[in-house]
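Trainee: Please take me through a close look at a single part of this model, with its neighbours and with each term explained as we reach it.

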Amino acid sequence: MQEEDSMARQRSLKDLSYVSYLVIRCFSHNFRRLLLVFALSVLLMAGYAFTNGNFNKHFSASPYDTEGELQIKKTVESLNQQIKELEQSRKIFPDVKYLNYKDKKRILVTGGAGFVGSHLVDTLMMQGHEVTVADNFFTGRKRNIEHWIGHENFELLNHDLVNPLYIEVDQVYHLASPASPKNYMYNPIKTIKTNTIGTINMLGLAKRVKARLLLASTSEVYGDPEVHPQNEEYWGHVNPIGPRACYDEAKRVAETMCYAYAKQENIEVRVARIFNTFGPRMHMNDGRVVSNFILQALQNEPITIYGMGEQTRSFQYVTDLVDGLVALMNSNFSQPVNIGNPEEHTIKEFAQLIKGLVGGSSEIVNRPAMQDDPQRRKPDIARAKKYLNWEPRVSMMSGLNKTVEYFRQELKRRYHSERNIWSPEIRDL
């Protein structure tokens, strides 16, 4: 009888250890639950041992320990090891500002996994707001925002805006759209639908929940301008049936819809006309001037200029743009505002600047000009200075150095585990 009792106790201990192990496995991704289950398991095992013999005997290191007691010790050691591993692997988020319920906003960023959108998300998160990103990942990438996944203030939705979205928000930053010629020409119908149907859906959302909407428009609404520099009163010079029209005209229609909703439905709208922007997280293969030149220079390939290189552009660093967008959203000014850097360079000058900065043996070569490529592009930012107290702060060289370093690290990657995460830039928010 005594031998049967001993065997039954050993089987019970084994069963208890196995159940504890299964429970721990079920909750292994939740640290707080793991600690709770661990504590309960230890208490149960201790209680069992206490009621079936001397407590010290069952938890001593005596060579006379039974098989069941050794199994308990082994299980406890395994649990301790799992806890240590979880503590070491816990995700550490950037330290965000605390806002109380009166100041914290619920903000939707469409296209928030893209180049500009991800930097905007960084700023809004660091300010302490609750941010929801809606992106279909046509040009955006999850890795641009992966450092926020799991944060209590952050949510990511895989959503195409040609379909309605029903959520509760206070502000909408509508950035969703392919923005480089290579991407928006790839599927012109999709580009048009995103900027028209998608914009209508976002305006409908703003109407339902009484949110303020900011439209990320573009300097492309000016087309190949006949006025220089371009101010917000200029109506533009756009070819409505050219290869760039799917983007240019779609953004012009999007602006029209915003002000139609503002007039008819009393929606609060803001419109930012964004000029050329560069910085880390640019897609290496998007065909833009900055990414093309840096990538070609780093790989010692010919730096290609389309046309003679006399056409001009004005380049701003991405954090300057983000600061301008946030300032416009929170302002009381509702007319379109240019957000760009008025420092103007020819494409040829810019190619030479990149080559000198990167070094290497790349040659600058000319290719046939692109159809409807604007010849001059420079923003008049008087309105932004007056109403937003905004102007670019990051010098071109400082921004280029950061961007070149990011691209250099991208080219070094050989394995998925080699993460090139560009952390949020700490600045006055």
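Mentor: Two residues are in contact when they have heavy atoms within 4.5 Å of each other, and helices (H or I, at least four residues) and strands (E, at least two) are DSSP runs, numbered from the N terminus. The model is predicted, and local features need pLDDT of at least 70, while side-chain atom pairs count only at pLDDT 80 or more and totals for chains, interfaces and linings use all residues. Residues are numbered from 1 along each chain as its sequence is written, and side-chain values use heavy atoms, with hydrogens and water left out.

Before we turn to the single part, here is its setting. The protein has 429 residues, of which 49% are buried (under 20% relative accessible area, with exposed meaning over 50% and partly exposed in between, for a 1.4 Å probe and protein chains only). Its secondary structure comes to 13 helices and 13 strands. If we take the contacts between residues at least 6 apart in sequence, 80% of them join residues at least 24 apart. The accessible surface (Shrake-Rupley method, 1.4 Å probe, with only the protein chains shown counting as cover for residues) is about 21,800 Å², and 52% of this surface belongs to carbon and sulfur atoms.

The part I have chosen is helix H9, which spans residues 289–298. Nine of its ten residues are buried, so H9 is largely enclosed by the rest of the structure. Those buried residues are Val-290, Ser-291, Asn-292, Phe-293, Ile-294, Leu-295, Gln-296, Ala-297 and Leu-298. What covers them includes two strands, E7 (277–278) and E8 (303–306), together with the helices H11 (347–358) and H13. After H9 comes Asn-300, whose phi is positive, near 55°. As background, most residues other than glycine have a negative phi.

Among these neighbours, helix H13 (residues 396–412) can be described in detail. H9 and H13 pack with their axes 10 Å apart and at an angle of about 55°; the axes are lines fitted to C-alpha atoms, for helices over the stretch in contact, and the angles run from 0 to 180 degrees between N-to-C directions. The two helices are therefore oblique to each other, given that angles under 35 degrees count as roughly parallel, over 145 as roughly antiparallel, 65 to 115 as roughly perpendicular and the rest as oblique. Their crossing is right-handed, a term used when the near helix is turned clockwise from the far one by less than a right angle, with anticlockwise giving left-handed. On the H9 side the contact uses Val-290, Ser-291, Ile-294, Leu-295 and Leu-298, and these meet Leu-400, Thr-403, Val-404, Phe-407, Arg-408 and Leu-411 of H13. Sorted by class, this contact has eight nonpolar, two polar and one charged residues; here Ala, Val, Leu, Ile, Met, Phe, Trp, Tyr, Cys and Pro count as nonpolar, Asp, Glu, Lys and Arg as charged, and the others, Gly among them, as polar.

H13 also packs against H11, another of the helices covering H9. The axes of H11 and H13 lie 11 Å apart, and the angle between them is about 60°, which makes H11 oblique to H13. This crossing, too, is right-handed. H11 contributes Phe-350, Leu-353, Ile-354, Leu-357 and Val-358, while H13 contributes Met-396, Met-397, Leu-400, Asn-401, Val-404 and Arg-408. By class, the contact of H11 with H13 has nine nonpolar residues, one polar and one charged. Leu-400, Val-404 and Arg-408 of H13 therefore belong to its contact with H11 as well as to its contact with H9, where the helices are oblique.

To finish with H13, we can look at the loop that lies between helix H12 (382–388) and H13, where Asn-389 is found. Asn-389 is a residue other than glycine with a positive phi, near 55°, and with a relative accessible area of 71% it is exposed. The buried residues of H9, among them Phe-293 and Ala-297, stand in contrast to this exposed asparagine.
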